[in-house]
Amino acid sequence: MQVAEDDTAPGTAKELGAFLERRREQIAQRWADAALFRTVFTVSRDEAVEACKAVVDALADVTRSGRLEDVEAPGFGTVRDQLGRMAAARARAGFTPVQIAGEVAGLREPVTALLRAEFQDDADDARVTACTQALAVLTSTLRLVIMETTVSAGEELIARQRQQLLEVATPVIKLWDGVVAVPLIGTLDSARSQVVMESLLEAIVDQRAAYAILDITGVPTVDSLVAQHLMKTVAAARLMGAECIVSGIRPAIAQTIVQLGIDLGSIITRAGLADALAYALTQQGIVVSARPVTEAGPR
């Protein structure tokens with residue numbers, strides 16, 4: 001993506017690139033004490049200096065290409081690798097993309113000071129001004145690159161956390177040898193239904209389960225989409241060699257299923273999780289008997 005038409009003179013860009021190469025060590029030493037690097041490389045300052053040198057080299061490559069305003073310039077790939085990891089670490093520490101971009105902008109000041117010091121005896125003020133402006137353009141593009149990288153990393157982190165929450169909210173429980181269950185609570189959507197299916201199939205393989213129970217006591221509503229997901233899960237479990245039992249269908253949900261015309265005739269259903277477990281145990285030849293409840297009273 002070309003963010004703007006780069007009107008920096010080729011000669012100025014090359015001169016800035018040559019300056020970055022000459023002052024590579026000094027720039028790296030000053031950047032190593034900046035918050036962006038210091039909070040990431042807490043053990044060894046030498047590691048921070050080496051990381052800074054890699055960034056300076058990459059920016060020098062960008063200036064040599066003359067694409068100071070192009071976030072897709074090849075040199076910015078290395079910048080994304082180096083500063084992107086640091087920006088991600090800052091984001092995990094609670095810093096926003098704007099705050100991180102502000103820290104990146106702070107890298108400009110020590111470079112500008114070195115640039116002015118090098119050209120302080122130069123009588124050509126226009127040349128100094130041009131190089132300073134080119135540096136400003138370069139660092140502005142650098143901020144944009146890091147903001148994009150930080151936002152992208154944040155989106156990936158959110159996606160991973162969402163997936164982890166789905167997995168935590170969909171536990172597969174071993175009830176007996178050869179019997180596993182998934183107690184579902186809350187609303188089912190396509191993403192969660194997929195997690196349910198994957199988790200259940202993995203548990204069937206790991207536990208060598210012959211019976212799998214889907215308990216929907218905690219599911220508030222069932223529509224045609226949810227019913228389709230349940231039927232697909234049952235079918236997938238059968239392909240894995242396990243019989244699937246659906247339990248916990250409440251009266252309101254049963255009426256909805258009938259009104260929608262959904263045929264669950266091929267699916268084994270039971271009133272509750274205990275009934276489903278009793279059915280699975282009975283099918284395996286295990287005798288299940290209810291223990292009589294006696295009311296204690298005075299003698």
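A polar contact is a pair of N or O atoms within 3.5 Å; within protein, one of the two must be able to donate a hydrogen and the other to accept it. The exercises below concern a predicted model.

**Exercise 1. Describe the surroundings of Thr141 in helix H8, starting from its polar contact with the backbone.**

Step 1. Place the residue. Thr141 belongs to helix H8, a helix that spans residues 125–168.

Step 2. Apply the distance cut-off. The side chain of Thr141 lies 3.0 Å from the backbone oxygen of Val137, and the limit for a polar contact is 3.5 Å.

Step 3. Classify the exposure. Thr141 has a relative accessibility of 4%, so Thr141 counts as buried.

Step 4. List the contacts beyond the sequence neighbours. With residues within four places left out, Thr141 is in contact with Leu68, Glu69, Asp70, Val71 and Phe76.

**Exercise 2. Determine whether Thr149 is buried or exposed, and find what Thr149 is in contact with.**

Step 1. Helix H8 also holds Thr149.

Step 2. The cut-off for buried is under 20% relative accessible area. Thr149 is at 17% and therefore counts as buried.

Step 3. Once neighbours within four places in sequence are set aside, Arg80 and Gly84 are in contact with Thr149.

Step 4. Compare sequence and space. Thr149 and Ala87 are 62 residues apart in sequence, while their C-alpha atoms are 8.0 Å apart.

**Exercise 3. Carry out the assignment for Glu103: element, burial and contacts.**

Step 1. The element is helix H6, residues 97–105.

Step 2. The relative accessible area of Glu103 is 17%, so this residue is buried.

Step 3. Not counting residues up to four places away in sequence, Glu103 touches Ala35, Leu36, Arg90 and Phe95.

**Exercise 4. State how many cavities of 30 Å³ or more the structure has, and characterise the largest cavity.**

Step 1. Rolling a probe the size of a water molecule over the atoms shows where empty space is left.

Step 2. The search over the whole structure returns three cavities of 30 Å³ or more.

Step 3. The largest cavity holds about 70 Å³ of space.

Step 4. Its lining consists of Ile216, Val222, Ala227, Leu230, Val246, Ile249, Ile257, Leu264, Ile267 and Thr269.

Step 5. Sorted by class, the lining of the largest cavity has nine nonpolar residues, one polar and no charged.

**Exercise 5. Analyse the second largest cavity: its volume, its lining and the element that gives the most to it.**

Step 1. The volume is about 50 Å³.

Step 2. The lining residues are Leu20, Trp31, Leu59, Leu107, Arg108, Val111, Leu135, Leu138, Thr139 and Leu142.

Step 3. Two elements give two or more residues to this lining: helix H7 (108–118) and helix H8 (125–168).

Step 4. Helix H8 gives the most, with four residues.

Step 5. By class, the lining of the second largest cavity has eight nonpolar residues, one polar and one charged.

**Exercise 6. Summarise the chain as a whole: its elements, burial, contacts and exposed area.**

Step 1. The chain contains twelve helices and five strands.

Step 2. The chain has 299 residues, and 40% of them count as buried.

Step 3. Among contacts with a separation of 6 or more, 73% join residues 24 or more positions apart.

Step 4. The exposed area is about 16200 Å², of which carbon and sulfur atoms supply 53%.

Notes: Residues are numbered from 1 along each chain as its sequence is written. This is a predicted model: local features need pLDDT of at least 70, side-chain atom pairs count only at pLDDT 80 or more; totals for chains, interfaces and linings use all residues. Side-chain values use heavy atoms; hydrogens and water are left out. Buried means under 20% relative accessible area, exposed over 50%, partly exposed in between (1.4 Å probe, protein chains only). Contact means heavy atoms within 4.5 Å. Accessible areas come from the Shrake-Rupley method with a 1.4 Å probe; for residues, only the protein chains shown count as cover. On a 1 Å grid over the protein atoms alone, a cavity is a set of points where a 1.4 Å probe fits but cannot get out, and a pocket is an open set with protein on both sides within 12 Å along at least five of seven lines; lining residues have an atom within 4 Å of a point. Grid points are joined across faces, edges and corners, and a volume is the space filled by probe spheres set on the points. Ala, Val, Leu, Ile, Met, Phe, Trp, Tyr, Cys and Pro count as nonpolar, Asp, Glu, Lys and Arg as charged, and the others, Gly among them, as polar.
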